Amino acid sequence: MTASDQAETLDNNTPENQASQTPANGAQNAGKSGDVSTLTEQVAAAKKEAADNYDKYVRTVADLENFRRRATREKDELRQFAIGRVVEDLLPILDNLNLGLNAAKAPNAELKTLVGGIGMVQDQFRSVLSNHGLKEINPVGQAFDPNQHESIASQPDKDVPEGKVLQVVRVGFSLNGRVIRPASVILSSGRAKDGAAT
C-alpha cells in the first residue's frame with residue numbers, strides 16, 4: 001500500500017466520514033426496533049385471544065356439564081311422576097272396586113247386581129287404559145301376524161281357513177302402537193284330512 005492510499009484510508013476513517021455512515025446503521029436499528037415492538041404487540045394480542053378462547057372453553061364445558069346434570073334430573077323426575085296422571089285416572093276405579101266389595105259383603109247382596117257392577121268397573125278400567133294409549137289385541141278370525149300374535153297351538157276347523165286365528169287364549173296389548181304383550185292364539189289348520197270338523 002502506498003503512502004497516498006494510506007492517507008485516503010485515514011481520511012475515510014475521520015469522525016466526519018464515520019458520522020455520515022452512522023445514520024444508515026441507525027435507520028436499520030430503528031427498523032429492527034419497530035419490528036420487535038410490532039411482534040411484541042402481536043404476541044400480546046395472540047396471548048390475550050388464547051386466554052379469551054380458553055375462558056370460553058372452560059365456560060362451555062361447565063355449561064355442558066350443568067346441562068347434563070339438569071337433563072338427568074329432569075329425566076328422573078319425569079320417570080317418577082309421569083305415571084301420576086294414569087294413577088289419578090285409576091283412583092276412581094279403585095273406589096268403585098271398594099264399593100263393590102262392600103256391597104258383596106252385605107247379607108242381602110244379589111249376585112246379578114254384583115256381576116253387573118264388576119262389569120261396569122271393568123269397562124271403566126278399559127276406558128282409562130285406552131285413553132292412555134293401551135289397545136287390546138284380540139285377533140279372532142284374523143290372519144296370523146307374528147309381530148302381534150304368538151301361536152301356542154293349531155287345530156282343524158271346517159269354518160275358519162288355515163292360517164287364521166281360531167281362538168284367543170290370552171288377549172295381547174299394544175301401548176301407543178308398540179306391542180307390550182302379544183296375543184296368545186290357537187291357529188286354524190283348516191279342514192280335517194278326513195273332512196270332519198273337530
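**Strands, helices and a buried histidine**

Modeller: In this predicted model, strand β4 (residues 172-175) and strand β5 (residues 178-181) run antiparallel and are joined by three bridges.

Colleague: Which residue stands opposite Ser174 in β5?

Modeller: That is Val179.

Colleague: And how many residues lie between β4 and β5 in the hairpin?

Modeller: There are two residues between the strands, and one residue in the turn, Asn176, has a positive phi of about 50°.

Colleague: Switching to the helices, at what angle do α3 and α4 pack?

Modeller: Helix α3 (residues 84-105) packs with helix α4 (residues 111-131) at an angle of about 170°, and their axes lie 10 Å apart. Angles over 145 degrees count as roughly antiparallel, and α3 and α4 are therefore described in that way, as roughly antiparallel to each other.

Colleague: Which residues make that contact?

Modeller: From α3 they include Leu90, Ile93 and Leu97, and from α4 they include Leu114, Val121 and Phe125. Divided by type, the residues of the contact of α3 with α4 are 10 nonpolar, three polar and one charged.

Colleague: What does α4 span, and what comes just after α4?

Modeller: With 21 residues, α4 reaches 30 Å from its first C-alpha to its last, close to the 30 Å expected at 1.5 Å a residue. Just after α4 comes Gly133, which takes a positive phi of about 95°.

Colleague: Last one: is His149 buried or exposed?

Modeller: His149, which is found in strand β2 (residues 149-155), counts as buried because its relative accessibility is 5%. Leaving aside residues up to four places away in sequence, His149 touches several others, among them Ile137, Phe144, Val165 and Pro182.

Key
Residues numbered from 1 in each chain as written. Predicted model: local features only at pLDDT ≥ 70, side-chain atom pairs only at ≥ 80, totals over all residues. Heavy atoms only, no water. Axes fitted to C-alpha atoms, helices over the stretch in contact; angles between N-to-C directions. Helix = DSSP H or I, 4+ residues; strand = E, 2+ residues; numbered from the N terminus. Parallel < 35°, antiparallel > 145°, perpendicular 65-115°, else oblique. Contact = heavy atoms within 4.5 Å. Nonpolar A, V, L, I, M, F, W, Y, C, P; charged D, E, K, R; others polar. Buried < 20%, exposed > 50% of the residue type's maximum accessible area, 1.4 Å probe, protein only. Expected span 1.5 Å × (residues − 1). Pairing = 2+ DSSP bridges.
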